[in-house]
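Me: I keep meeting labels such as "buried" or "edge-to-face". Please show me what stands behind each one.

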Amino acid sequence: MSNVFYVPGEQRAAKVNDLFANIARRYDLINDLQSFGLHRRWKRRVVELAKIQPGHRALDLCCGTGDISFALAQRGVETTGLDFSEKMLEVAETRKKNRGPKSRTPNPTFIPGDAQAIPFPENSFDAVTVGYGLRNLTSWEHGLAEMRRVAKPGGRIIVLDFGKPANALWRAVYFAHLKMSVPLIGLLFCGNASAYAYILESLKHYPAQLAVAEKMRELKLANVRVINLLGGAMAINYGEKPV
Ligand SMILES: C[S@@+](CC[C@H](N)C(=O)[O-])C[C@H]1O[C@@H](n2cnc3c(N)ncnc32)[C@H](O)[C@@H]1O
């Protein structure tokens, strides 16, 4: 089944940008509904794995409305959230404003940019994260190589995304959820079923956790591991740039 927002090749980025422009205002609500709130727990895990300390610098790619960026910044880390969607960044900036000037913990800086051409020199960040972003890139392999480039030696590279469960029965149940319930939630709460049917379509074209780990090894990252969540329905890929 094809999807209006999934077009391979050169037009991919423009379609993905359209998609997020369409759903930006409802993105956070629907995330909570479709994951039963669990995405918050998985994002906390990403932040723990980043092993950041005050004084460190972190980059959160495809930051969207900023969940991971805010969580990193709240740990006293100089954090940059980067995304190419103006609308998603507008929501992130509104969240920042709503925290108020007296907020005790620092805020991230949000910048527009392409995760496949990161506007920072090599060896810049102690941690580079991407949540539900790698799958959306025209070339996820290139995105991963860019993450490696801008990480400092010893820097952590962490990818959170939808996964492909190894167990065939669980995979069928989970894909049925992505095929039916998730677009229905998108239709009811955002008036857009296609934008949410896109998740399954993009996942079919994304080789997920095992291939990402393989690519991390090819890129000569150290301590590469896969952390499967919910039986592999979600996954975190972790690696470190060698010192
Ligand atoms: C599913 S959202 C994830 C948002 C956030 N990281 C989260 O976990 O809630 C994916 C984000 O990736 C962004 N994105 C997709 N391709 C991009 C690219 N090439 N460069 C920068 N951002 C991109 C989209 O604009 C969107 O905000």
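Reply: This is a predicted model, and the labels are taken up one by one.

Me: Why is the pair of Phe70 and Phe110 called edge-to-face?

Reply: Start with the pairing. The ring centres are 5.5 Å apart, and the limit is 6.5 Å, so the two rings count as a pair. Now the angle. The planes of Phe70 and Phe110 stand at 65 degrees. Over 60 counts as edge-to-face, so the label fits.

Me: Why do we need both a distance and an angle?

Reply: A pair of aromatic rings is described by the distance of the centres and the angle of the planes, so both values are quoted.

Me: How many aromatic pairs does the rule give?

Reply: The count is seven.

Me: What makes Phe70 and Phe110 a link between distant parts of the chain?

Reply: They are 40 residues apart. Phe70 belongs to helix H4, residues 67–73, and Phe110 to strand E3, residues 109–112. Both residues are buried.

Me: Which residues make up an aromatic cluster?

Reply: Trp170, Tyr174 and Phe175 form one cluster.

Me: How do you know that the charge of Arg57 sits over the ring of Phe125?

Reply: The charged end of Arg57 is 4.7 Å from the centre of the Phe125 ring. The distance limit is 6 Å, so that part is met. There is also an angle limit: within 35 degrees of the ring normal. Arg57 is listed as sitting over the ring of Phe125, so the angle limit is met too.

Me: Where does Arg225 lie relative to Tyr238?

Reply: Arg225 lies over the face of Tyr238. The distance to the ring centre is 5.0 Å, and this is within 6 Å.

Me: Now the ligand. How many residues surround the ligand, and which are the closest?

Reply: There are 19. The closest are Tyr27, Cys62, Asp83, Ala115 and Gly131.

Me: What makes the approach of Tyr27 to the ligand a polar contact?

Reply: An N or O atom in the Tyr27 side chain is 2.9 Å from an oxygen atom of the ligand. The limit is 3.5 Å, so this counts as a polar contact.

Me: Which atoms of Ala115 and Gly131 take part?

Reply: Backbone atoms. A polar backbone atom of Ala115 is 2.9 Å from a nitrogen atom of the ligand. For Gly131, a backbone N or O atom lies 2.8 Å from a ligand nitrogen. Both values are within 3.5 Å, so both are polar contacts.

Me: How much of the ligand does the protein bury?

Reply: Taken alone, the ligand exposes 600 Å². The protein buries 98% of that.

Me: Which elements give two or more residues to the shell around the ligand?

Reply: Helix H1 (12–23) and helix H2 (27–35) do. By class, the shell has 10 nonpolar, six polar and three charged residues.

Me: Why is Asn123 called partly exposed?

Reply: Its relative accessibility is 35%. That lies between 20% and 50%, so Asn123 is partly exposed. Asn123 lies in the loop between E3 and strand E4 (125–131). It has a positive phi of about 60 degrees although it is not a glycine.

Me: Why is Lys220 called exposed?

Reply: Lys220 has a relative accessible area of 60%. Exposed means over 50%, so the label holds. Lys220 is in the loop between helix H9 (208–218) and strand E6 (222–229). Lys220 also has a positive phi of about 60 degrees, and it is not a glycine.

Me: What makes Ile158 buried?

Reply: The relative accessible area of Ile158 is 0%. Buried means under 20%, so Ile158 qualifies. Ile158 lies in strand E5.

Me: Why is Lys164 called partly exposed?

Reply: The value for Lys164 is 26%. This falls between 20% and 50%, so partly exposed is the right label. Lys164 lies in the loop between strand E5 (151–162) and helix H7 (168–190).

Me: How far in space is Lys164 from Ala208, and how far from Arg99?

Reply: Lys164 and Ala208 are 44 residues apart in sequence and 6.3 Å apart in space, C-alpha to C-alpha. Arg99 and Lys164 are 65 residues apart in sequence, and their C-alpha atoms are 36 Å apart.

Technical notes: Residues numbered from 1 in each chain as written. Predicted model: local features only at pLDDT ≥ 70, side-chain atom pairs only at ≥ 80, totals over all residues. Heavy atoms only, no water. Phe/Tyr/Trp six-rings, centres within 6.5 Å; stacked < 30°, edge-to-face > 60°. Helix = DSSP H or I, 4+ residues; strand = E, 2+ residues; numbered from the N terminus. Buried < 20%, exposed > 50% of the residue type's maximum accessible area, 1.4 Å probe, protein only. Near = heavy atom within 4 Å. Polar contact = N/O pair within 3.5 Å; in protein donor to acceptor, adjacent residues only side chain to side chain. Areas by Shrake-Rupley, 256 points an atom, 1.4 Å probe, with all protein chains shown as cover. Nonpolar A, V, L, I, M, F, W, Y, C, P; charged D, E, K, R; others polar.
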